[in-house]
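Student: I would like to know how the labels in a structure description are decided. Please go through them with me.

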Amino acid sequence: MPTHLHTPPPATSTTFDITHRYHPEMPSWGSYEGLGQFLRLPNSMKNGSRSNVSEMKLVTHTWTHVDAPGHMIDEYFDAGFDVDTLDLLVLRGCLA
């Protein structure tokens, strides 16, 4: 993997997190009902397990997300261009 694809943002920059809180009614691709139950506890100490183990299940097109370059361009998909190949600087914009 070329190293220039993993350039971190400048140390002097400010990053704003625009992530939204997940909830069952939030919009989700392919569902008019919303996300639905996305978090469950298959192993619980209250039920005799040695630890609590949570399980989260949701489609990748749920609320704030970044599409991989190969999501819409098949040649990029075949070449393995995923979100981890994106230069973070291309995701930054000016706040007006």
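Tutor: Start with burial: buried means under 20% relative accessible area, exposed over 50%, and partly exposed in between, with a 1.4 Å probe and protein chains only. This is a predicted model, in which local features need pLDDT of at least 70, side-chain atom pairs count only at pLDDT 80 or more, and totals for chains, interfaces and linings use all residues. Residues are numbered from 1 along each chain as its sequence is written, and side-chain values use heavy atoms, with hydrogens and water left out.

Student: Why is Val66 called partly exposed?

Tutor: Val66 has 42% relative accessibility. Partly exposed lies between the limits of 20% and 50%, so Val66 counts as partly exposed.

Student: What makes the patch that Val66 belongs to?

Tutor: Val66, Val83, Leu88, Val90 and Leu91 make a nonpolar surface patch of about 420 Å². Patch residues have over 30% relative accessible area and no salt bridge; nonpolar side chains (Val, Leu, Ile, Met, Phe, Trp, Tyr) are joined within 5 Å, and like charges within 9 Å.

Student: How do you know that Arg40 and Glu55 form a salt bridge?

Tutor: Their closest N and O atoms are 2.7 Å apart. A salt bridge needs a side-chain nitrogen of Lys or Arg within 4 Å of a carboxyl oxygen of Asp or Glu, so the pair qualifies. Arg40 lies in strand 1 (residues 39-43) and Glu55 in strand 2 (residues 53-56), so the bridge ties together parts 15 residues apart in sequence. Strands (E, at least two residues) and helices (H or I, at least four) are DSSP runs, numbered from the N terminus.

Student: Why is the pair of Tyr22 and Phe38 called tilted?

Tutor: Rings of Phe, Tyr and Trp (its six-membered ring) pair if their centres lie within 6.5 Å; planes under 30 degrees apart count as stacked, over 60 as edge-to-face and the rest as tilted. The centres of Tyr22 and Phe38 are 6.0 Å apart and their planes are at 50°, so the pair is tilted. Both Tyr22 and Phe38 are in the segment before strand 1, 16 residues apart.

Student: Is Phe38 buried or exposed?

Tutor: Phe38 has 13% relative accessibility and counts as buried. Tyr22, at 31%, is partly exposed.

Student: What makes the pair of Tyr76 and Phe81 edge-to-face?

Tutor: Their ring centres are 5.4 Å apart and their planes are at 75°, so the pair is edge-to-face. Tyr76 is partly exposed at 37%, and Phe81 is partly exposed at 33%.

Key. Accessible areas come from the Shrake-Rupley method with a 1.4 Å probe; for residues, only the protein chains shown count as cover.
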